[in-house]
Amino acid sequence: MEPNGKIKILSTITQIGDLVEEIGGDRIDSWVLMHGELDPHSYELVKGDDEKFTKADIVFFNGLGLEHGASLNATLKRHPCGVNLGKWIEKIFPQKILKKNQLTDPHIWMDVSLWKETIDPILENLIAHDPEGKEFYEERAARLKERMDFLHQEMKDCLQKVPSNKRYLVTSHDAFHYFTKTYLADPSDGEAWTERFAAPEGLAPDGQLNPRDIEAIIDYLREKKIAVLFPESNVSRDSIKKIVSAGRELGLHISICSEALYGDAMGAGQNKSYFDSMRHNAEVISRYLEE
């Protein structure tokens with residue numbers, strides 16, 4: 001972060017950084033703290049991270065319990081210009097924030113229409129630090145909203161083509177609730193949309209799978225006639241491999257999708273953007289559920 005007169009922006013995750021760069025363009029210097037397959041749930045600060053926070057004029061983070069590594073969480077709380085995007089959305093749209101077992105689900109970027117709402121606080125903070133760039137930022141933010149509206153509808157159209165009785169999803173961990181509610185559910189589902197998604201591991205993929213977890217998922221697979229499980233790029237496949245093995249012993253014909261989904265991470269060395277990853281998820285899930 002060399003001194004050059006530009007605003008220095010640090011985003012914790014790529015899902016935020018991509019929007020910041022779309023709005024800020026060449027008037028800002030933008031960095032992302034966690035790249036590739038790093039797990040935002042458990043990330044702890046490493047050598048060099050302190051300097052990034054010190055030099056940053058603004059720090060954008062997801063919040064809602066996502067960045068809960070002790071050192072990172074403490075640093076985010078005390079940064080004088082830290083912006084908690086999840087908290088902002090929760091304040092404006094409390095009814096849109098999902099909870100699981102009384103824990104807030106932080107994976108709000110999995111609904112593109114909801115993630116679009118983070119554009120306004122990003123825009124507001126950029127203008128506050130660089131008033132001369134107001135018109136520049138506003139024009140780019142407006143174009144970004146249009147782009148996200150298009151992606152949201154594209155994903156919805158793609159997934160709603162799958163017959164309703166096949167729109168059931170099992171992934172490695174609980175990162176796809178917002179995705180399921182927005183893109184897989186039927187309007188007639190009401191609160192029953194939750195029945196369309198299951199995962200062996202919780203909101204943070206760091207728990208231990210026990211026999212009851214496996215049994216519950218197998219019962220779900222049998223009930224919904226599900227034949228494929230979807231791995232995630234940065235989550236161990238051990239849990240879903242155990243489920244497939246146990247299911248086959250019981251006579252179920254289930255397999256693991258050969259293409260990983262992007263939940264918490266964008267994939268190692270693939271340089272995928274938020275837009276790439278969401279479009280990929282929709283296309284892969286649609287293709288394999290229709291088989």
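Q: Why is Glu 21 called partly exposed?
A: In this predicted model, Glu 21 has a relative accessible area of 38%. Buried requires under 20% and exposed requires over 50%, with partly exposed in between. The value of 38% falls between the two cut-offs, so Glu 21 is partly exposed.

Q: Where is Glu 21 found, and what does Glu 21 touch beyond residues up to four places away in sequence?
A: Glu 21 belongs to helix α1, residues 14-24. Its contacts outside that sequence window are Ile 28, Ser 30 and Arg 140. Each counts as a contact because heavy atoms lie within 4.5 Å. For Trp 31, a C-alpha distance is available: 9.1 Å from Glu 21, at a separation of 10 residues in sequence.

Q: What makes α1 largely enclosed by the rest of the structure?
A: The helix has 11 residues, and nine of them are buried, so α1 is largely enclosed. The buried residues are Thr 14, Gln 15, Ile 16, Gly 17, Asp 18, Leu 19, Val 20, Ile 23 and Gly 24. Just after the helix, Gly 25 takes a positive phi of about 50°.

Q: How do you know that Gln 15 counts as buried?
A: Its relative accessibility is 1%. The cut-off for buried is under 20%, so Gln 15 meets it. Gln 15 lies in helix α1. With neighbours within four places in sequence left aside, Gln 15 is in contact with Trp 109, Trp 115, Gly 263, Asp 264, Met 266 and Tyr 274.

Q: Why is the aromatic pair of Trp 115 and Tyr 274 called tilted?
A: The search of the whole structure finds eight aromatic pairs. In the pair of Trp 115 and Tyr 274, the centres are 6.5 Å apart and the planes make an angle of 50°. Stacked requires planes under 30 degrees apart and edge-to-face requires over 60, so an angle of 50° leaves the pair as tilted.

Q: What makes this a pair that links distant parts of the chain?
A: Trp 115 is in helix α5 (residues 112-115) and Tyr 274 is in helix α11 (residues 274-290), 159 residues apart. Both Trp 115 and Tyr 274 are buried.

Q: Which residues form one aromatic cluster with Trp 115 and Tyr 274?
A: Trp 109 and Phe 275 join Trp 115 and Tyr 274 in the cluster.

Q: Why does His 152 count as buried?
A: At 13% relative accessibility, His 152 is below the 20% cut-off, so it counts as buried. His 152 lies in helix α7, residues 134-160. Apart from neighbours within four places in sequence, its contacts are Asp 111, Val 112, Ser 113, Thr 182 and Tyr 183. The C-alpha atoms of His 152 and Phe 275 are separated by 9.9 Å, with their positions 123 residues apart along the chain.

Q: What makes phi of Asn 101 worth naming in a residue other than glycine?
A: Most residues other than glycine have a negative phi. Phi of Asn 101 is near 55°, a positive value. Asn 101 is in the loop between β5 (99-100) and β6 (103-104).

Q: How do you know that Asn 101 is exposed?
A: Its relative accessible area is 66%. The cut-off for exposed is over 50%, and therefore Asn 101 qualifies.

Q: Why does Lys 225 count as exposed?
A: Lys 225 has 73% relative accessibility, which is over 50%, so it counts as exposed. Lys 225 lies in the loop between α9 (211-224) and β9 (228-229). Its phi is positive, about 55°, although Lys 225 is not a glycine.

Q: How do you know that the radius of gyration of the chain agrees with that of a compact globule?
A: For 291 residues, the rule gives a radius near 19 Å, and the chain has 20 Å, so the two agree. The C-alpha atoms fill a box of roughly 65 × 40 × 35 Å along the principal axes. The secondary structure comes to 11 helices and 10 strands.

Q: What share of the 291 residues counts as buried, and what share of the accessible surface belongs to carbon and sulfur atoms?
A: Buried residues make up 54% of the chain. The accessible surface is about 13,600 Å², and 49% of it belongs to carbon and sulfur atoms.

Q: What share of contacts between residues at least 6 apart in sequence joins residues at least 24 apart?
A: The share is 71%.

Q: How many positive and negative side chains does the chain have?
A: There are 36 positive and 49 negative side chains, and the centres of the two sets lie 2 Å apart.

Definitions and conventions. Residues are numbered from 1 along each chain as its sequence is written. This is a predicted model: local features need pLDDT of at least 70, side-chain atom pairs count only at pLDDT 80 or more; totals for chains, interfaces and linings use all residues. Side-chain values use heavy atoms; hydrogens and water are left out. Helices (H or I, at least four residues) and strands (E, at least two) are DSSP runs, numbered from the N terminus. The radius of gyration is taken over C-alpha atoms; the globule rule is 2.2 Å times the number of residues to the power 0.38. Buried means under 20% relative accessible area, exposed over 50%, partly exposed in between (1.4 Å probe, protein chains only). Accessible areas come from the Shrake-Rupley method with a 1.4 Å probe; for residues, only the protein chains shown count as cover. Lys and Arg count as positive and Asp and Glu as negative; His and the chain ends are not counted. The place of a charge is taken as NZ of Lys, CZ of Arg, CG of Asp or CD of Glu. Rings of Phe, Tyr and Trp (its six-membered ring) pair if their centres lie within 6.5 Å; planes under 30 degrees apart count as stacked, over 60 as edge-to-face and the rest as tilted.
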